[in-house]
Amino acid sequence: MITETLIASLTQKLGQEHVITDENELTYYSQDVFSEANKPLAVIRPGNKKELAESIGMVTEHDIAILPRGGGMSYTSGYLSNRQSVMVDMCRMTDIIEINLEDMYVTVEAGCRWVDLYEALKDKNVKTPMWGTLSGLKASIGGGASQNSVFFGSGQNGAMSDSIIGMEVVTSNGKIVTTGSGAIENGTPFFRHFGPDLTGLFTGDTGALGVKATLTLKLVPDRPEKRFVSFNFDDHSGMLKAIADVARENLASECFGFDPFLQQQRMKRESLAKDIKTLGKVIGSEKGFTSKLKSATEVVIAGRDYMKETSFSFHAVVSEMTDVQADKHLNRIREIANLHGGIEVANSIPKIIHAHPFVPLNNMIGPEGERWVPVHCLVPHSKAIDLFEAIEDYFGSKQDVMEKYKIEAGHLILNIGNSATLLEPVFFWPDELMEFHHRNVEEDVLERISGFEADEAAREVVVELRDGLLDVFADYGATHFQIGRTYRYSKNIKPETLDLITGIKNVIDPKGLMNPGSLGLG
Ligand SMILES: Cc1cc2nc3c(=O)[nH]c(=O)nc-3n(C[C@H](O)[C@H](O)[C@H](O)COP(=O)(O)OP(=O)(O)OC[C@H]3O[C@@H](n4cnc5c(N)ncnc54)[C@H](O)[C@@H]3O)c2cc1C
């Protein structure tokens with residue numbers, strides 16, 4: 001009865017088409033890339049921050065929980081819960097509100113996708129320092145802030161939270177709280193700091209403290225001079241040392257590596273047709289006919305064959321203001337890679353990734369339609385090699401069960417800013433795809449794969465393996481992004497720190513209705 005009254009009030013406020021109660025739709029919304037939970041009572045799609053705030057206030061007044069959802073492209077149950085809840089889908093709040101080139105900031109609604117911001121800034125010679133995730137065709141900027149996401153620009157500029165100036169956040173009572181200099185009477189959102197860093201409080205919270213309505217990000221000059229370079233390494237330690245040295249000297253906007261297994265998965269999944277299509281974009285995105293032709297030739301000649309026998313592959317993108325600076329960084333990366341045993345190979349991979357950064361999210365399944373889930377951690381460079389070996393030992397100890405269920409794993413590695421190495425083991429296993437995958441992977445890819453029978457036992461083993469890795473990571477004092485309901489934030493932090501964050505949560509969300517369970521709180 002309470003529910004019916006609430007749904008009726010929400011419908012009156014937002015309009016019938018923006019309050020979803022259809023069972024099939026709710027099934028979709030009860031899944032992320034990896035997991036599923038109970039269906040929410042309804043999914044609401046507010047169109048602006050006033051509607052967002054008022055509808056959140058209405059839901060929590062009925063003691064029903066709120067689950068914030070951006071693009072939905074995560075895999076840590078961040079927006080999934082078995083509690084009675086209403087999900088807030090930010091898909092209608094996508095406006096780019098202000099691009100301020102004089103004061104160097106951009107304000108967006110939280111549902112704005114990375115690809116849209118990229119397109120809007122492309123011809124203005126500016127970027128945000130961290131400028132998107134590989135999932136940015138669908139993932140939102142509000143989701144990125146809540147996950148503290150990384151990738152484009154993260155090599156030199158760190159995680160997404162380092163790019164944010166301020167926000168407007170709706171708390172569980174339906175109030176809109178402003179952080180950063182936008183919170184000052186007569187203030188504009190030009191600067192993050194004025195007293196304690198309240199912007200920081202809401203970054204990486206996976207929605208546990210409030211629903212971000214708008215975000216203001218820094219703008220920096222786009223660095224037009226790009227260089228791309230790739231190396232093969234015989235072993236993990238050479239590659240990890242090279243990534244760490246490139247990070248310490250702040251040489252590359254993106255610097256990442258794959259182990260041989262992940263490299264082969266990449267090669268398998270990409271059709272020749274796609275390479276050619278991407279090649280067209282590489283040509284289109286480079287200035288000057290000679291360099292276009294040269295790049296095209298290199299990429300074609302390199303194809304994917306040169307990677308066949310590869311061991312560990314390392315890729316870096318240099319983004320600088322001038323030719324001289326870019327060449328200097330490129331040459332230094334070459335020195336570092338050579339020092340650690342790298343052999344230079346064609347630079348097709350970083351070039352292709354940069355030419356078209358926000359591609360369809362077909363990588364959320366394996367090349368034959370296997371299920372896919374990554375698990376990551378961040379450690380200081382000094383611990384990265386030992387941790388990599390501990391992960392491999394762990395997989396070695398689980399070899400029997402992994403073979404039994406045909407579970408395979410590879411590694412993605414990158415640096416985040418100059419002090420952290422991110423290690424991301426990625427699992428693949430034969431299992432049935434969910435509605436989520438059917439809606440988010442391109443049709444031609446789905447048509448090409450034969451698919452697999454459901455294998456719940458294998459899925460459970462993957463959950464256990466992921467859990468086992470969390471134990472390994474904890475031994476190394478690792479941190480994590482994307483905490484949601486997966487990473488052990490509340491379990492792994494010191495009691496005094498837990499008291500502080502629990503106290504903050506209780507003040508902001510006294511009834512524990514804002515994404516309960518996210519961060520392990522509420
Ligand atoms: C193929 C693929 C590639 C990926 N590549 C990357 C990558 O390069 N880097 C990376 O970091 N991650 C990556 N991811 C993971 C994920 O896509 C990103 O972390 C992304 O930032 C999630 O954004 P989203 O809008 O989809 O968030 P969602 O999945 O919708 O939500 C993520 C979390 O944020 C919360 N949330 C969302 N919006 C709001 C809001 N407005 N206010 C408060 N809380 C909110 C949710 O409750 C949830 O806890 C990838 C995923 C896939 C499938």
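**Exercise 1. Determine which polar atoms of the protein lie close to oxygen atoms of the ligand, and how much of the ligand is covered.**

A polar backbone atom of Leu134 stands 2.9 Å from an oxygen atom of the ligand, within the limit for a polar contact, which is a pair of N or O atoms within 3.5 Å, where, within protein, one must be able to donate a hydrogen and the other to accept it, and residues adjacent in sequence count only if both atoms are side-chain atoms. The structure is a predicted model, in which local features need pLDDT of at least 70 and side-chain atom pairs count only at pLDDT 80 or more, while totals for chains, interfaces and linings use all residues. Residues are numbered from 1 along each chain as its sequence is written, and side-chain values use heavy atoms, with hydrogens and water left out.

Next, take Met73, which has a backbone N or O atom 2.7 Å from an oxygen atom of the ligand, and then Ser140, where an N or O atom of the side chain is 2.6 Å from a ligand oxygen. Finally, consider the area: the ligand taken alone exposes 960 Å², of which the protein buries 96% (Shrake-Rupley method with a 1.4 Å probe; for residues, only the protein chains shown count as cover).

**Exercise 2. Describe the shell around the ligand by element, by class and by domain.**

Begin with the elements, which are DSSP runs numbered from the N terminus, helices being H or I of at least four residues and strands E of at least two. Those that give two or more residues to the shell are β3 (65-69), α5 (141-147) and β10 (211-218), and α5 contributes the largest share, five residues.

By class, the shell has 13 nonpolar, 19 polar and two charged residues (Ala, Val, Leu, Ile, Met, Phe, Trp, Tyr, Cys and Pro count as nonpolar, Asp, Glu, Lys and Arg as charged, and the others, Gly among them, as polar). As a last step, both domain 1 (2-90) and domain 2 (92-221) give residues to the shell, so the ligand lies between them; the bounds come from an automatic or database domain assignment.

**Exercise 3. Decide whether Asp89 and Glu102 are buried or exposed, and place each of them in the fold.**

Asp89 is found in strand β4 (residues 85-89) and, with a relative accessible area of 2%, is buried (buried means under 20%, exposed over 50%, partly exposed in between; 1.4 Å probe, protein chains only). The side chain of Asp89 makes a polar contact with that of Tyr29 at 2.6 Å.

Glu102, by contrast, lies in the loop between β5 (96-100) and β6 (105-109) and is exposed, with a relative accessible area of 74%.
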